[in-house]
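Please keep the sequence and the structure side by side while reading, since the paragraphs below move from the chain as a whole to its strands, its core, one of its helices and a few single residues.

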Amino acid sequence: MTITTPPTSETATSTRLDSRSGSTVPGSSIARSSSTTSDIDDAVTNAVASVNDPEYPDVSIVDLGLLVDVRVLADIPGSLHGVTAEVDLVPTFTGCPALSMIAEDVVTAVESLEAIDRCVTTWRRDVVWDTDRMTQSATERLAREYTVTLRRKDGTLRCPSCGSDEVADQSMAGPSRCRSVAWCPSCRNAVEVMRG
Ligand SMILES: [Zn+2]
């Protein structure tokens, strides 16, 4: 179910992913050439969805809300590039050292597609990642398997272990630059907070 929309501006706001249908939703796909089909867009999106975040090895970067847009550009006569897929991504945390690894994995996955000759990734600076971009299943998996919680818009934290709202920030020095550590006085567990 690809919705093809006419190209608008590059600053169009983020693509919201449908949290109910997991990682197979392509969001908005903008085909610049009449010779491309939504099938190719879907294949590219699915290839991107096969890439997991190095921080959370079984959580797709699409479920984490990193995918902003996919564009498939037809082969331009005289070009050496062939069919090019442009993949726009947004980082969860701009200083995250895993970004280059994620981008490499995306290129590898997309270029493995028969229909794609080349993949170019862009980290978008005009799109802001927030926790609303994550699917419900990814949020639950982070809480269950990694004891990682997300900061709500009002700044509060919910304990992924016991559900308490009393979680207090403890240290900005987390186990990685993408996470910080908080403490839940109710269940006396450390809670990792994903940085947005
Ligand atoms: Zn707790």
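A residue counts as buried if 20 or more other C-beta atoms lie within 10 Å of its own, as exposed if there are 12 or fewer, and as partly exposed in between, with the C-beta atoms placed from the backbone. By that rule, 34% of the 196 residues of the protein chain are buried. The model is a predicted one, and the confidence attached to it deserves a look before any detail is read. The average pLDDT of the protein chain is 79, and 74% of the residues score at least 70. Over residues 1-36 the pLDDT is below 50, although in the model this stretch has 61 contacts beyond near neighbours in sequence. Among the elements, the lowest mean pLDDT, 42, belongs to strand β2 (residues 28-29), whereas the highest, 97, belongs to strand β6 (residues 84-89).

The protein chain contains 3 helices and 11 strands, and these follow one another along the sequence in the pattern β-β-α-β-β-β-β-α-β-α-β-β-β-β. Of the contacts in the protein chain with a separation of 6 or more, 59% are between residues 24 or more positions apart.

Strand β6 is a convenient place to begin with the pairing of strands. On one side of the account, β5 and β6 run antiparallel and are joined by 6 bridges, with Asp-69 standing opposite Asp-88 in β6. Strand β6 is also joined by 6 bridges to strand β7 (residues 118-123), but in this pair the strands run parallel, and Ala-85 stands opposite Cys-119 in β7. A second set of pairings involves β11, which is joined to β10 by 6 bridges in an antiparallel arrangement and to β8 by 3 bridges in a parallel one. In β11, Asn-189 is the bridge partner of Cys-184, while Glu-192 is the bridge partner of Val-148.

Which residues touch the most other members of the largest nonpolar core? Of the 40 residues in this core, they are Val-44, Val-48, Ile-61, Val-87 and Val-110. The elements that contribute two or more residues to the core are α1 (38-49), β5 (67-73), β6, α2 (99-111), α3, β8, β10 (179-184) and β11, and the largest share, 6 residues, is supplied by α1. At least three residues of this core come from each of domain 1 (3-132) and domain 2 (147-194). Val-87 gives a closer view of such contacts: leaving aside residues up to four places away in sequence, Val-87 touches Val-48, Val-70, Val-106, Val-110, Cys-119 and Thr-121.

Thr-121 also leads to helix α2, where Ala-103 is placed. The C-alpha atoms of Ala-103 and Thr-121 are separated by 6.4 Å, while the two residues are 18 residues apart along the chain. Ala-103 is only partly exposed because 19 other C-beta atoms lie within 10 Å, a count that falls between the limits of 12 or fewer for exposed and 20 or more for buried.

Helix α3 (residues 136-146) shows how burial can be arranged around a helix axis, for Ala-138, Thr-139 and Leu-142 are buried there. These residues are on the same side of α3 because they cover an arc of only 105 degrees around the axis. The face turned away from that buried side carries the exposed residues Gln-136, Glu-140 and Arg-144. What do the buried residues of α3 pack against? They pack against β4 (56-60), β8 (148-150) and β11 (189-194).

Two loop residues remain to be considered for their backbone. Thr-147, in the loop between α3 and β8, has a positive phi of about 50 degrees although it is not a glycine, and Thr-147 is partly exposed because 15 other C-beta atoms lie within 10 Å. Arg-188 lies in the loop between β10 and β11, in a hairpin that has 4 residues between the strands. Arg-188 likewise is not a glycine, yet has a positive phi of about 55 degrees. Is Arg-188 buried or exposed? Arg-188 is exposed, because 9 other C-beta atoms lie within 10 Å, and the limit for an exposed residue is 12 or fewer.

Note on methods. Residues numbered from 1 in each chain as written. Predicted model: local features only at pLDDT ≥ 70, side-chain atom pairs only at ≥ 80, totals over all residues. Arc of directions from axis to C-beta. Contact = placed C-beta atoms within 7 Å. pLDDT = per-residue confidence, 0-100. Core = buried A, V, L, I, M, F, W, Y, C linked by C-beta atoms within 7 Å. Domains from an automatic or database assignment. Pairing = 2+ DSSP bridges.
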